[in-house]
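This briefing goes through a single chain by topic, from aromatic contacts to helices, cores and backbone angles. Please keep the structure open while reading.

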Amino acid sequence: MNDLHGIIFAYRPSPALGDLTRHRNTCSLPFGGRYRMIDFLLSDMVNAGMTDIGLIVHANYQSLLDHVGSGKDWDLSRKRGGLRILPPFSTAESAQGEYRGTMEALIGVSSYLTNIRQQYVVLARGDVALNIDISDVFQHHLARGSDVTVVCTREHSGDSSQCQFLCLDGGGRVTDISVNPAHAPDKPESLELYILSRKLLLELVEDCAAHDVSSFSSGALLPRLARLKVDSYLFDGKAVRFHSVRDYFRHSMGLLEDCVRDDLFSPQRPIRTKDISNPATYYGPFSRSVDSMVADGCLIEGEVEHSILFRG
């Protein structure tokens with residue numbers, strides 16, 4: 001599927017996660033023993049046949065750079081295209097401060113967007129762990145003749161004040177977007193994964209730059225719902241993101257459930273990560289491991305129960 005270009009927002013800070021993200025952004029947060037959050041969206045895009053992906057970064061991204069490197073572990077180290085790291089360009093007014101929203105982040109890399117070769121673009125947050133068939137979302141987008149397709153889920157993930165919710169008509173078209181409400185409505189939650197044409201994206205970026213609009217959902221899409229055909233794609237799998245340390249613990253321990261692991265780590269769509277080439281975990285002659293996830297490079301000579309052990 002070479003007609004899709006990926007843009008991953010990998011700049012968001014999360015003060016609510018405390019020391020977990022003091023020296024990194026949420027995309028490079030370790031999850032599930034040997035993975036980072038960014039691994040999921042990168043793998044989803046590669047599994048869909050995408051070969052060109054841009055990572056929009058801003059601050060505290062050294063850990064992220066160390067992890068993704070040239071993109072070799074995702075088969076994205078290429079002479080043409082491949083993985084590109086996109087720091088704030090000089091056209092971004094907030095080059096010295098945080099992006100106010102995803103549209104401002106897109107405006108900051110507008111010169112990169114104009115050189116995209118593909119006809120369609122996937123926009124996604126890099127701090128959401130999900131295993132989704134993006135090629136199926138794309139076919140849904142084409143079949144419905146949509147201007148924009150938004151992936152959503154009926155399983156609410158956490159703090160509603162940090163989420164977006166979609167109001168849909170009987171055919172799945174988006175009629176309203178509720179951004180960061182105090183209480184979660186009984187509506188599908190947006191996973192902030194969008195598919196749209198490169199042409200439309202550039203038009204939105206140009207118009208929003210001219211009117212100082214910083215948000216993609218509330219600033220670019222919401223005022224245009226009557227003019228654009230914005231459709232939903234209901235994702236029925238597991239989607240994980242963290243709004244607090246409690247969320248991080250709860251979702252991490254949820255990986256010990258077979259159904260959650262089977263969903264997030266489907267063998268049909270493998271999740272790739274950085275190869276550190278650690279030796280296999282050593283289990284001593286009297287060691288015992290029960291109901292646990294153990295990454296490579298560990299040395300176990302005692303008992304491990306209902307735990308997740310990271311590399312080494």
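Is Tyr35 buried or exposed? In this predicted model, Tyr35 has a relative accessible area of 12% and is therefore buried, the cut-off being under 20%. The points below begin with the surroundings of that ring and then turn to other parts of the chain.

**Aromatic pairs and the cluster around Tyr35**

- A pair of aromatic rings is described by the distance of the centres and the angle of the planes.
- The count of aromatic pairs comes to 10, and one of them joins Tyr35 to Phe40 in a tilted arrangement, with 6.2 Å from centre to centre and 45° between the planes.
- Phe40 counts as buried because its relative accessibility is 0%.
- Another pair, Phe242 with Tyr248, is edge-to-face, its centres being 5.1 Å apart and its planes standing at 75°, and both Phe242 and Tyr248 are buried.
- These four residues belong to one aromatic cluster, which is made up of Phe31, Tyr35, Phe40, Phe242, Tyr248 and Phe265.
- Arg34 lies over the face of Tyr35, at 5.4 Å from the ring centre.

**Helix α1**

- Helix α1, residues 38-47, is mostly covered, since nine of its 10 residues are buried.
- The buried residues of α1 include Phe40 from the aromatic cluster, and also the polar or charged positions Asp39, Ser43 and Asp44.
- Gly49, which follows α1, has a positive phi near 90°.

**Helix α5**

- In helix α5, residues 134-144, the buried residues are Ile134, Val137, Phe138 and His141; seen down the axis of α5, they fall within an arc of 100°, so they line one face of the helix.
- The buried residues of α5 are covered by elements that include β1 (4-9), α1, β6, β8, β11 and β12 (230-234).
- Just after α5, Gly145 takes a positive phi of about 65°.

**Helix α6**

- The 13 residues of helix α6, at residues 198-210, should span 18 Å at 1.5 Å a residue, and this agrees with the 18 Å that separates the C-alpha atoms at its ends.
- Leu200, Leu201, Leu204, Val205 and Cys208 are the buried residues to note in α6, and because they cover an arc of only 135° around the axis, they sit on the same side of the helix.
- On the other side of α6, Lys199, Glu206 and Ala210 are exposed.
- Among the elements that cover the buried residues of α6 are α3 (102-108), α4 (110-113), β6 (120-125), β8 (148-153), β11 (189-197) and α7 (216-221).
- Asp212, just after α6, takes a positive phi of about 55°.

**Nonpolar cores**

- The largest nonpolar core has 36 residues, and those with the most contacts inside it are Ile56, Met103, Leu106, Leu113, Leu123 and Phe216; α6 gives the most to this core, with five residues.
- Apart from this core lies another, of 35 residues, among them Val57, Ile134, Val151 and Phe235.
- Leaving aside residues up to four places away in sequence, Leu123 touches Ile7, Phe9, Leu106, Glu192, Leu193, Tyr194, Leu196, Leu201 and Phe216.

**Positive phi outside glycine**

- Most residues other than glycine have a negative phi, and most peptide bonds are trans.
- Glu192, which is not a glycine, has a positive phi of about 55°; Glu192 lies in strand β11 and is buried, with a relative accessible area of 7%.
- Ser277 also has a positive phi, near 60°, but its place is in the loop between α9 (258-264) and β14 (282-283), and Ser277 is exposed, with a relative accessible area of 58%.

**Loop positions and distances through space**

- Arg227 lies in the loop between α7 and β12 and is exposed, with a relative accessible area of 65%.
- Arg227 and Met45 are 182 residues apart along the chain, and their C-alpha atoms are separated by 29 Å.
- Pro13 is found in the loop between β1 and β2 (30-31), where its relative accessibility of 46% makes it partly exposed.
- From Pro13 to Leu309 there are 296 residues in sequence and 25 Å in space, taken from C-alpha to C-alpha.

Key. Residues are numbered from 1 along each chain as its sequence is written. This is a predicted model: local features need pLDDT of at least 70, side-chain atom pairs count only at pLDDT 80 or more; totals for chains, interfaces and linings use all residues. Side-chain values use heavy atoms; hydrogens and water are left out. Helices (H or I, at least four residues) and strands (E, at least two) are DSSP runs, numbered from the N terminus. The expected span of a helix is 1.5 Å times one less than its number of residues. Buried means under 20% relative accessible area, exposed over 50%, partly exposed in between (1.4 Å probe, protein chains only). The arc is that of the directions from the helix axis to the C-beta atoms. Contact means heavy atoms within 4.5 Å. A nonpolar core is a set of buried Ala, Val, Leu, Ile, Met, Phe, Trp, Tyr and Cys residues joined through side-chain atoms within 4.5 Å. Rings of Phe, Tyr and Trp (its six-membered ring) pair if their centres lie within 6.5 Å; planes under 30 degrees apart count as stacked, over 60 as edge-to-face and the rest as tilted. A charge sits over a ring if NZ of Lys or CZ of Arg is within 6 Å of the ring centre and within 35 degrees of the ring normal.
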